[in-house]
Amino acid sequence: MPSVTVNTHVNQGGTIKVEAKRNDSNNFRTKISITITRPIPTKPVINSPDILLCSPQTITASASNATSYNWTSSGGITANSPGNTNSAQITGVSDGTVMVSATSSVCAMTTASSTPNNVKRSAPLPASLLVTANGGGSPDFMCNGAGVMLNAYTAEPGTQFGIWTSSDPGNTILNSNGGSAYFNSYVNNCYGIDITVSNCFGSVQKGITICVDNCAKGTPIYNVFPNPAKDEVKIKFDNAYTIEQLPQVVRLFSEVGGKEVRMVQAAEQYATAAFGQDRTITIQVNDLPRGTYYLQFVNRAGSPENVRLVLE
């Protein structure tokens with residue numbers, strides 16, 4: 001009996017066609033087709049989002065045409081899958097990632113690894129937490145009695161939003177629900193609003209400064225950034241105000257003991273070419289202890305306004 005040996009190529013299947021006929025007549029023949037398939041495995045997908053690993057956890061992956069799975073990890077994470085199945089127990093001592101590839105023993109093929117899943121085993125990072133007022137940055141300004149919505153965001157898994165607090169509870173209204181809060185005040189000042197977030201490894205606090213003004217007396221609008229700051233703080237004044245309307249003195253006080261640690265004669269800065277270009281004053285703070293401070297702006301009438309500043 002005739003036989004045929006089939007070799008497949010380029011990881012694809014195909015069709016074999018066979019025709020049988022008599023040599024003495026073309027009228028006696030038959031044809032058959034045989035389809036050859038190669039069950040190529042698909043790139044697996046881990047069936048869970050990023051993980052906060054408070055205790056050992058089992059996760060699974062999915063792939064078509066896979067006969068086994070190959071789990072790998074990085075950082076302080078370990079993935080254990082006895083039998084190389086589509087499930088693995090995840091343990092660890094520090095942050096890391098986990099990935100998996102799929103193999104087909106039928107075709108002796110292994111896929112590329114899945115997209116890494118982040119596995120967290122540490123407290124929330126302040127840099128991953130964003131607090132905004134009405135979608136803006138920090139500090140923000142509010143007309144007296146207008147009210148603003150505050151929102152906290154983080155992409156870290158398993159983070160719980162906790163308590164919102166005000167630096168001056170007696171003069172502020174603060175109603176919160178999870179990562180959102182409503183803030184209002186009828187007293188002109190700058191207020192620090194903080195939120196505490198946590199997971200099973202610890203907690204962190206981050207906030208925003210809201211400055212309240214009656215929006216009727218033409219007080220110069222300024223932006224203090226970055227806040228929190230590290231090496232320097234910039235104060236940028238709105239172009240709509242004349243030099244005469246700007247603060248004459250800027251002082252920086254420590255929250256601890258109320259000690260003055262910096263004093264800038266702002267009026268002298270206004271005459272410089274650098275200020276004329278961008279209407280910005282820069283204060284170096286890299287030598288100061290990390291913590292909470294207050295910038296005080298004093299105008300020609302001697303009236304002060306305060307802005308809460310965090311150094312980290």
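Which residue in β9 does Thr 97 stand opposite? The partner is Asn 118. Keep in mind that this model is predicted.

Start with the strands around that pair. Strand β7 covers residues 87-104. Three bridges join β7 to β9, and the two strands run antiparallel. Strand β9 itself covers residues 117-120. Now look at β4, residues 51-52. Two bridges join β4 to β9. Here the strands run parallel. Leu 52 is part of this pairing, and its bridge partner in β9 is Lys 120. So much for β9.

Next come the disulfides. A disulfide is a covalent bond between the sulfur atoms of two cysteines. The structure holds two of them.

One disulfide joins Cys 54 to Cys 200, with the sulfur atoms 1.9 Å apart. Cys 54 lies in the loop between β4 and β5, and Cys 200 lies in the loop between β16 and β17, so the bond ties together parts that are 146 residues apart in sequence. The torsion about this S-S bond is about -95°, which makes the disulfide left-handed. Are these cysteines buried or exposed? Cys 54 has a relative accessibility of 43%, so it counts as partly exposed. Cys 200 also counts as partly exposed, at 43%.

The other disulfide joins Cys 190 to Cys 211, with an S to S distance of 2.1 Å. Cys 190 sits in strand β16 and Cys 211 in strand β17, so this bond ties together parts that are 21 residues apart in sequence. Its torsion is about 110°, so this disulfide is right-handed. Cys 190 is buried, with a relative accessible area of 6%. Cys 211 is buried too, at 3%. The cut-off for buried is under 20%.

Stay with strand β16, which covers residues 190-199. Val 197 lies in this strand. How is Val 197 classed, buried or exposed? Its relative accessibility is 2%, so Val 197 counts as buried. Which residues does Val 197 touch, leaving aside those up to four places away in sequence? Among them are Pro 124 and Leu 129. The run Thr 159, Gln 160, Phe 161 and Gly 162 is also on the list. So are Gly 202, Ser 203 and Val 204. Finally, compare Val 197 with Gly 178. They are 19 residues apart along the chain, and their C-alpha atoms are separated by 9.5 Å.

Note on methods
Residues numbered from 1 in each chain as written. Predicted model: local features only at pLDDT ≥ 70, side-chain atom pairs only at ≥ 80, totals over all residues. Heavy atoms only, no water. Helix = DSSP H or I, 4+ residues; strand = E, 2+ residues; numbered from the N terminus. Buried < 20%, exposed > 50% of the residue type's maximum accessible area, 1.4 Å probe, protein only. Contact = heavy atoms within 4.5 Å. Pairing = 2+ DSSP bridges. Disulfide = S-S within 2.5 Å.
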